[in-house]
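Visitor: I am new to reading protein structures, and I would like to go through one slowly with someone who explains each step.

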Amino acid sequence: MPQLEFYEVDVPIHTNDRALHGVHVFTGKASSANEALTRAHQVYDASAAARQAGLEVPGQQDGGWGARGVRDGWELDWAAAKASRWSNPNDWTRKKPYEL
């Protein structure tokens with residue numbers, strides 16, 4: 001069985017009129033970047049379908065994947081999504097810039 005690691009999937013988002021834009025971030029366990037993209041897309045699709053049907057958005061699923069903050073009028077650009085291993089910004093082993 002492949003080793004599961006935490007991944008981050010960053011998906012560009014914009015409003016229908018493109019006036020607002022940003023990035024929707026998904027995190028969870030996967031064995032590869034491709035699997036992370038697939039899992040992120042699956043949980044987003046499940047959340048969007050539940051919201052459209054007037055149901056509660058599903059919570060965290062297997063591997064820690066989930067999609068909260070799904071909003072009407074926002075489009076996700078899955079073709080431009082990027083997945084990489086998650087890097088904890090608070091990890092004590094990360095280099096930190098010197099503060100003056």
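The questions and answers below go through this predicted model step by step.

Visitor: Before we look at any details, which of the elements has the highest mean pLDDT?

Guide: For the protein as a whole the mean pLDDT is 86, and 90% of the residues reach 70 or more. Among the elements, β3 has the lowest mean, 90, while the highest, 95, belongs to β4.

Visitor: How far does α1 reach from its first C-alpha to its last?

Guide: The helix α1 has 20 residues, and a rise of 1.5 Å a residue gives an expected span of 28 Å. The span computed from the model is close to that expectation, for α1 reaches 28 Å.

Visitor: Where around the axis of α1 do its buried residues lie, and how wide is the arc they cover?

Guide: An α-helix has 3.6 residues a turn, so residues three or four places apart point the same way. In α1 the buried residues are A36, R39, A40, V43, Y44, S47 and A50. They lie on the same side of α1, because the arc they cover around the axis is only 130°.

Visitor: Which strands do those buried residues pack against, and which residues are exposed on the other side?

Guide: The buried residues of α1 pack against β1, β2, β3 and β4. On the other side of the helix, the exposed residues are N34 and Q52.

Visitor: R39 carries a charge, so which side chain of opposite charge is nearest to R39?

Guide: Side chains of opposite charge can pair when their charged atoms come close. R39 lies in helix α1, and, leaving aside neighbours within four places in sequence, R39 is in contact with Q61, D62 and W65. A salt bridge needs a distance within 4 Å, whereas R39, although buried, has no salt bridge, and the nearest side chain of opposite charge, 5.0 Å away, is that of D62.

Visitor: How many salt bridges does the structure hold, and which residues form a salt bridge?

Guide: The structure holds one salt bridge, in which the closest N and O atoms are 3.1 Å apart. Its two residues lie in strands β4 and β1, so the pair ties together parts that are 80 residues apart in sequence. With relative accessibilities of 52% for the exposed partner and 32% for the partly exposed one, the residues are R85 and E5.

Visitor: Which residues of α1 does Q61 touch, and how far is Q61 from G28 in space?

Guide: Q61 sits in the loop between α1 and β3, and at 31% relative accessibility Q61 counts as partly exposed. Not counting residues up to four places away in sequence, Q61 touches R39, V43 and A46. Q61 and G28 are 33 residues apart in sequence, yet from C-alpha to C-alpha their distance in space is 9.1 Å.

Visitor: Is H24 buried or exposed?

Guide: H24 lies in strand β2, and, not counting residues up to four places away in sequence, H24 touches V9, D10, V11, I13, R68, G69 and L76. Since the cut-off for burial is under 20% relative accessible area and the value for H24 is 14%, H24 counts as buried.

Visitor: Which residue has a positive phi although it is not a glycine?

Guide: Just after α1 there is a glycine, G54, with a positive phi of about 80°. The residue you ask about lies instead in the loop between β1 and β2, where it is exposed with a relative accessible area of 58%. Its phi is about 65°, and the residue is R18.

Notes:
Residues numbered from 1 in each chain as written. Heavy atoms only, no water. Helix = DSSP H or I, 4+ residues; strand = E, 2+ residues; numbered from the N terminus. Buried < 20%, exposed > 50% of the residue type's maximum accessible area, 1.4 Å probe, protein only. Contact = heavy atoms within 4.5 Å. Expected span 1.5 Å × (residues − 1). Arc of directions from axis to C-beta. pLDDT = per-residue confidence, 0-100. Lys, Arg positive; Asp, Glu negative; His and termini not counted.
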